[in-house]
Amino acid sequence: NNMHIIDIAATEQHLWRALNVASCVALAGGRILFVDLRPGLKDIAEAAAAVCGESSQTTDTRRKGEMLHGVDDLWTTKPDLVICSNVNHDGAKALLLACNKYLVPSIGIVDSDVDPVNLTYHVPGNDDSRESLILYHKLFAKAIIQAKKSLQAAHQVQCTCVSVCTVLCICVCLYLCLCLCVFLSVCVLVLLSMYCVELLLM
């Protein structure tokens with residue numbers, strides 16, 4: 001009946017791997033680009049990008065029949081990861097080819113009619129169901145947000161450690177200065193005492 005069934009276990013396995021990749025890129029401070037060029041579904045990618053503080057590409061910037069020639073045709077700032085939910089779109093295909101050319105890893109939702117050859121990581125699943133796309137994008141956004149929170153917490157700990165070390169260094173310096181002052185004072189007193197003794201003996 002021309003019906004294709006996607007193995008949910010395979011979807012789960014590939015999805016976890018893709019989420020881990022997105023988390024690692026976010027944890028490293030990388031830029032992530034959400035891509036969906038379909039007018040009726042692009043708002044999902046835009047919303048996910050906005051929630052996690054990343055960018056989205058939801059407009060096909062090519063003129064009809066034109067292929068992309070360089071990275072500037074795709075994005076103003078080269079991303080570190082592309083998440084694409086409409087791999088079969090001609091514009092998305094051109095974008096993924098450019099990703100391969102410029103060594104930008106990509107994650108794609110792969111339906112039964114999609115060729116994953118140009119994807120670095122693929123997630124088997126329905127790419128035209130609004131409900132499933134919302135779920136995928138929520139999961140990616142959540143993974144990115146959690147990674148960014150971990151990165152922020154690590155920076156705070158690092159700043160705290162630097163502050164503590166700075167305070168300790170200042171305290172040590174002050175202590176050494178105080179010891180030096182005491183030592184110099186004692187030396188002056190000794191010299192004065194010796195001078196006084198010499199005066200008495202004269």
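# Exercises on a predicted model

In this predicted model, isoleucine 83 has isoleucine 107 of strand S4 as its bridge partner. The exercises below start from this pairing and move outward.

**Exercise 1. Determine the order of the strands in the open sheet, and state which strands lie at its edges.**

Step 1. Begin with strand S3 (residues 81–84). S3 and strand S4 (residues 106–110) pair in the parallel sense over 3 bridges. Within this pairing, cysteine 84 has glycine 108 of S4 as its bridge partner.

Step 2. Turn to strand S1. S1 (residues 32–35) runs parallel to S3, and 4 bridges join the two. Phenylalanine 34 is matched with isoleucine 83 in S3.

Step 3. Extend to the whole sheet. Its 5 strands follow the order S2-S1-S3-S4-S5, with parallel pairing. S2 and strand S5 (121–124) are the edge strands, because each pairs on one side only. From one strand to the next, the twist averages 20°.

**Exercise 2. Describe how helices H3 and H1 are placed relative to the strands.**

Step 1. Helix H3 (residues 90–101) forms a β-α-β unit together with S3 and S4, and this unit is right-handed.

Step 2. Helix H1 lies across S1, S3, S4 and S5, and runs at about 140° to S5.

**Exercise 3. Are the residues on the two faces of S3 buried or exposed?**

Step 1. Recall the general pattern: in a regular strand, side chains alternate between the two faces of the sheet.

Step 2. Apply it to S3. Leu81 and Ile83 are on one side, while Val82 and Cys84 are on the other. All four are buried, and both faces of the strand are thus covered.

**Exercise 4. Identify the residues that touch the most other members of the largest nonpolar core, and the elements that supply this core.**

Step 1. A general tendency is useful here: in soluble globular proteins, nonpolar side chains tend to be buried together.

Step 2. The largest nonpolar core has 27 residues, of which Ile32, Phe34, Leu81, Ile107 and Phe140 touch the most other members. Helix H1 (8–27), S1, H2, S3, S4 and H4 each supply at least two residues.

Step 3. Examine phenylalanine 140. Leaving aside residues up to four places away in sequence, its contacts are Leu15, Ala18, Leu19, Ala22, Phe34, Ile83 and Ile107.

Step 4. Another core, of 14 residues, lies apart from the largest one; among its members are Leu37, Val87, Ala92 and Leu119.

**Exercise 5. How many salt bridges are there, and what does each connect?**

Step 1. The count is 3 salt bridges. The general principle is that side chains of opposite charge can pair when their charged atoms come close.

Step 2. Aspartate 36 and arginine 38 form one salt bridge, at 2.8 Å from N to O. Aspartate 36 is buried because its relative accessibility, 1%, is under the 20% limit. Arginine 38, at 18%, is also buried.

Step 3. Arginine 130 and aspartate 43 form another, at 2.4 Å. Arginine 130 lies in helix H4 (residues 130–201) and aspartate 43 in helix H2 (residues 42–52), so this pair ties together parts that are 87 residues apart in sequence. Arginine 130 is partly exposed at 33%, and aspartate 43 is partly exposed at 32%.

Step 4. Lysine 148 and glutamate 54 also form a salt bridge, at 2.8 Å. Lysine 148 lies in H4 and glutamate 54 in the loop between H2 and strand S2 (55–57), so the pair ties together parts that are 94 residues apart in sequence. Lysine 148 is partly exposed at 28%, whereas glutamate 54 is buried at 16%.

Conventions. Residues numbered from 1 in each chain as written. Predicted model: local features only at pLDDT ≥ 70, side-chain atom pairs only at ≥ 80, totals over all residues. Heavy atoms only, no water. Salt bridge = Lys/Arg side-chain N within 4 Å of Asp/Glu carboxyl O. Buried < 20%, exposed > 50% of the residue type's maximum accessible area, 1.4 Å probe, protein only. Right-handed = clockwise from strand over helix to strand, strands pointing away. Core = buried A, V, L, I, M, F, W, Y, C linked by side-chain atoms within 4.5 Å. Contact = heavy atoms within 4.5 Å. Axes fitted to C-alpha atoms, helices over the stretch in contact; angles between N-to-C directions.
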